[in-house]
Each structure stands twice: as C-alpha cells, then as structure tokens.
Amino acid sequence: MRKKILFSTIITTLWVTVSFAKVSISELSTCNYSAFMNKDNYDFSNYIEFTTDGDSVNMNGYLIIHYGKQSVKGKLVERWRWRVSTDWMIGPNSILWLDDTRKDGHAPYKLDADGGSIVIYEEGALIDSITYGKMDINLSYGRTTAGEGYMSPSPGPPNTQAYAD
C-alpha cells in the first residue's frame with residue numbers, strides 16, 4: 001500500500017510540475033498597425049504569442065488576465081479576464097489574436113498601449129506573467145534568451161533580439 005501511495009504521489013507531483021511549466025508568454029503587441037497581418041481576417045490585430053516546451057498544450061480552462069494602467073494614478077487595474085472555454089491546442093509559438101473573430105485562437109479584447117501586464121493561471125496556479133511599458137506603433141514586447149525588451153514584431157519564429165527598455 002505504501003508503494004502505491006508513494007508512486008501515486010510521485011506521478012501527481014511530476015504531472016503538476018510538467019503541466020504548469022509548459023506555457024509561457026513570449027511576445028505581445030498592442031499597436032500592430034501594419035507589421036504582422038492576422039490571416040484569419042486580414043487585419044492587423046493586437047496579439048499575445050505563447051510558447052511551450054515543445055509539446056502541445058490544451059488551453060481549455062486557462063485564465064488570462066490583462067491589467068492596464070489607470071489613467072489618473074498610473075496604477076495597474078484589471079481591464080479584462082478571459083477563461084479559455086474551448087479545446088484550443090497550442091504548440092511552440094502560438095498566437096492569440098485580440099479581435100472580434102469568433103474562433104479558436106481569438107479573444108474579443110485589446111491590450112492597453114500605455115503599458116500593462118498579462119497574467120496566466122491554470123486551476124488557480126500562476127503559470128506566467130509579463131509586464132510591458134508604453135508601446136509605439138509596430139513594436140512588440142517580448143522575451144529572448146537574454147531577457148525582455150522591445151523588438152520588431154516576430155510572432156512565429158523564436159525571438160532573437162530585444163532593444164533596451
């Protein structure tokens with residue numbers, strides 16, 4: 001009986017560790033006016049790019065929250081929260097378009113161009129978060145192996161170079 005409980009505990013711990021470590025935010029754009037086209041509706045939409053450790057992840061049940069700056073005090077306040085309610089499968093470098101298209105990989109929200117934060121939860125556990133400053137037209141903010149910063153929009157391939165904040 002002890003072996004069975006120990007084995008079950010180890011498997012559960014490994015599953016929790018692996019499932020929570022898979023998804024991260026790699027890039028976002030709040031002012032995509034002509035840099036990267038959303039081919040689902042031929043528009044230039046805001047986007048959040050997610051990356052995984054190589055495996056596909058079903059985002060159903062994940063909660064994504066956007067905090068934007070409050071205009072008066074400059075503090076971050078919750079702007080929107082969106083719980084993924086479909087079996088949206090993502091792999092390395094998958095894009096969530098922020099527009100009004102009603103299909104997987106799209107959410108009916110926008111990101112604040114004055115700066116903000118994106119936070120991802122799975123079953124109440126914090127998975128990842130990223131905070132960005134004021135964005136200019138056709139720039140994105142993302143992560144590289146060297147850190148975070150502004151960059152030319154490059155959803156799809158891995159991010160290679162970020163400019164200083």
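**Group meeting: core, sheet and salt bridges of a predicted model**

Let me begin with the nonpolar core, by which I mean a set of buried Ala, Val, Leu, Ile, Met, Phe, Trp, Tyr and Cys residues joined through side-chain atoms within 4.5 Å: the largest one has 27 residues, and those with the most contacts inside it are V23, F50 and L96. The elements that give two or more residues to this core are β1, β2, β5, β7, β9 and β10, the last of these spanning residues 125-132, and β10 supplies the largest share, 3 residues. As general background, nonpolar side chains tend to be buried together in soluble globular proteins.

Before going on, I should say that this is a predicted model, in which local features need pLDDT of at least 70 and side-chain atom pairs count only at pLDDT 80 or more, while totals for chains, interfaces and linings use all residues. Residues are numbered from 1 along each chain as its sequence is written, and side-chain values use heavy atoms, with hydrogens and water left out.

Now the overall picture. The protein chain has 1 helix and 12 strands, where helices (H or I, at least four residues) and strands (E, at least two) are DSSP runs numbered from the N terminus. Along the sequence, the helix comes at the start of the pattern and the strands follow it. Of the 165 residues, 41% count as buried; buried means under 20% relative accessible area, exposed means over 50%, and partly exposed lies in between, with a 1.4 Å probe and protein chains only. The chain exposes about 9400 Å², of which carbon and sulfur atoms supply 54%; these areas come from the Shrake-Rupley method with a 1.4 Å probe, and for residues only the protein chains shown count as cover. If we take contacts, meaning heavy atoms within 4.5 Å, with a separation of 6 or more, residues 24 or more positions apart account for 56% of them.

Next, the sheet. Six strands form an open sheet in the order β8-β7-β2-β1-β11-β12, with mixed pairing, and two strands count as paired if DSSP finds at least two bridges between them. The edge strands, each pairing on one side only, are β8 (106-107) and β12 (147-151). Strand β7, residues 94-98, runs parallel to β8 and is joined to it by 2 bridges, and W97 stands opposite H106 in β8.

Let me return to two residues with long-range contacts. Leaving aside neighbours within four places in sequence, V23 is in contact with F50, T51, V57, M59, Y62, I90, I120, I127 and D128. M59 itself lies in the loop between β3 and β4 (63-69) and counts as buried, at 0% relative accessibility. With residues up to four places away not counted, M59 touches V23, V84, W88 and I90, and its C-alpha is 6.1 Å from that of M89, which is 30 residues apart in sequence.

How many salt bridges does the structure hold? It holds 5, a salt bridge being a side-chain nitrogen of Lys or Arg within 4 Å of a carboxyl oxygen of Asp or Glu. One of them joins the side chains of K22 and D55, at 3.7 Å from N to O. K22 lies in the loop between α1 (2-21) and β1 (24-29), and D55 in the loop between β2 (46-51) and β3 (57-58), so the pair ties together parts that are 33 residues apart in sequence. Is each partner buried or exposed? K22 is buried, with a relative accessible area of 16%, whereas D55 is partly exposed, at 41%.

The D55 loop also contains T52, again between β2 and β3, and T52 counts as buried at 10% relative accessibility. A polar atom of the T52 side chain lies 2.9 Å from the backbone oxygen of D55. Neighbours within four places in sequence aside, T52 is in contact with K22, V57, I90, G91 and P92.

A second salt bridge joins the side chains of R79 and D112, at 2.7 Å from N to O. This pair links distant parts of the chain, with R79 in strand β5 (residues 76-83) and D112 in the loop between β8 and β9 (116-122), 33 residues apart. R79 is partly exposed, with a relative accessible area of 40%.

Finally, the side chains of E148 and R143 meet in a salt bridge at 3.2 Å, N to O, and salt bridges that share partners join D128, R143 and E148 into one network. E148 counts as partly exposed, at 38% relative accessibility.

Terms used:
A polar contact is a pair of N or O atoms within 3.5 Å; within protein, one must be able to donate a hydrogen and the other to accept it, and residues adjacent in sequence count only if both atoms are side-chain atoms.
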